[in-house]
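The report that follows goes through one protein chain by topic, from backbone features to packing and charged pairs. Please keep the sequence and the structure in view while reading.

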Amino acid sequence: MGALIFSLNVTLDGCVDHQEGIADDETHALFTRLMDEGGAMLWGRVTYEMMESYWPAVARGDVQAPPALLEWAVKLEAKPKYVVSSTRNDFPWANSHHIAGDLREGVQKLKDETPAGVLLGSGKLATELERLDLIDEYQLLVQPRIAGHGPTLHQGGLPATRKLELLSAEPLRNGAVAMHYRRAG
């Protein structure tokens, strides 16, 4: 069974707005490495649609992009992508799959079938999966910013505090810190 790894950019005040992160070559290299290490990506519908609206065009060469972004786009195109949605059933982007029905069962099955692990990149979905005790690790890129707005990490609240064990902390040249945690005992 593979791990479910929640990975996202977050500001010091907890904002997870994708526009608030530093998107430089070092950041893209970090997220490309995380994607390479995992066996699949997992998103909610909103994140999927945001990604689908841009990255396939980059991978096809329809959008000019620096080498780090092009590398990410090409690898993302090939990576299995799983989407949780109750409002959409058609996911035409290459290697996209729908998880329908019971959330716990669907995500547990995905973990069981993906020994290299599943990289979760949706904030709202992460809250639901945290409530179901399905997230095993956290790879957060803490941005050196205070956004002063939302959305924020686990904005909908959790039933209890989750204790984590620090596995590593790696500062980047841009001031962000890559934090790797796993669930404690």
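## A loop residue with positive phi

Asp-133 is located in the loop that runs between α6 and β6. The model is a predicted one, and in it Asp-133 has a positive phi, near 60°, although the residue is not a glycine. With a relative accessible area of 43%, Asp-133 falls in the partly exposed class.

The carboxylate of Asp-133 also takes part in a salt bridge with Arg-183, where the closest N and O atoms are 3.6 Å apart. This pair links distant parts of the chain, since Arg-183 belongs to strand β8 while Asp-133 sits in the loop between α6 (123–131) and β6, 50 residues away in sequence. Arg-183, at 23% relative accessibility, is partly exposed.

## Other backbone features

Asn-95 is another residue that is not a glycine and yet has a positive phi, here of about 60°. Asn-95 is placed in the loop between β3 and β4, and its relative accessibility of 37% makes it partly exposed.

The peptide bond that joins Gly-150 and Pro-151 is cis, with omega at about 5°. Pro-151 is part of the loop between β6 and β7.

## Salt bridges

The model contains 15 salt bridges by the rule applied here. One of them pairs Glu-26 with Arg-173, the closest N and O atoms being 3.6 Å apart. Because Glu-26 lies in helix α1 and Arg-173 in the loop between β7 (164–171) and β8 (177–183), the pair ties together parts of the chain that are 147 residues apart in sequence. The two partners differ in their surroundings: Glu-26 has a relative accessible area of 19% and is therefore buried, the limit being under 20%, whereas Arg-173 counts as exposed at 74%.

Asp-62 and Arg-60 also meet through their side chains in a salt bridge, with a distance of 2.8 Å from N to O. In this pair Asp-62 is exposed, with a relative accessible area of 54%, and Arg-60 is likewise exposed, at 56%. Elsewhere, salt bridges with shared partners connect Arg-45, Glu-49, Glu-52 and Arg-88 into one network.

## Nonpolar cores and helix α2

Which residues have the most contacts inside the largest nonpolar core? They are Trp-55, Trp-72 and Leu-76, in a core of 23 residues. The elements that contribute two or more residues to this core are α1 (25–37), β2 (40–44), α2 (45–52), α3 (55–60) and α4 (67–78). A second core, separate from this one, has 19 residues, among them Leu-8, Val-107, Leu-134 and Ile-135. If neighbours within four places in sequence are set aside, Trp-72 is in contact with Phe-31, Thr-32, Met-35, Met-41, Met-51 and Trp-55.

Helix α2 has Thr-47, Tyr-48 and Met-51 as its buried residues. Viewed down the axis of α2, these buried residues fall within an arc of 100°, and they therefore line one face of the helix. The elements that cover the buried residues of α2 include β2, α3, α4, β3 (81–84) and β4 (96–99).

## Gln-143 in strand β6

Is Gln-143 buried or exposed? Gln-143 is buried, since its relative accessible area is 1%. This residue belongs to strand β6, which spans residues 137–143, and its side chain makes a polar contact of 2.6 Å with the side chain of Asn-9.

When residues up to four places away in sequence are not counted, Gln-143 touches Asn-9, Val-10, Thr-11, Leu-12, Glu-20, Gly-21, Ile-22 and Ala-176.

## Annotated span

An unreviewed UniProt entry carries the annotation "domain: Bacterial bifunctional deaminase-reductase C-terminal", which covers residues 4–177. In the model, the end C-alpha atoms of residues 4–177 lie 21 Å apart, and this span is 33% helix and 23% strand.

Note on methods: Residues numbered from 1 in each chain as written. Predicted model: local features only at pLDDT ≥ 70, side-chain atom pairs only at ≥ 80, totals over all residues. Heavy atoms only, no water. Helix = DSSP H or I, 4+ residues; strand = E, 2+ residues; numbered from the N terminus. Buried < 20%, exposed > 50% of the residue type's maximum accessible area, 1.4 Å probe, protein only. Polar contact = N/O pair within 3.5 Å; in protein donor to acceptor, adjacent residues only side chain to side chain. Contact = heavy atoms within 4.5 Å. UniProt positions renumbered as here; feature names shortened; annotations may be inferred. Core = buried A, V, L, I, M, F, W, Y, C linked by side-chain atoms within 4.5 Å. Arc of directions from axis to C-beta. Salt bridge = Lys/Arg side-chain N within 4 Å of Asp/Glu carboxyl O.
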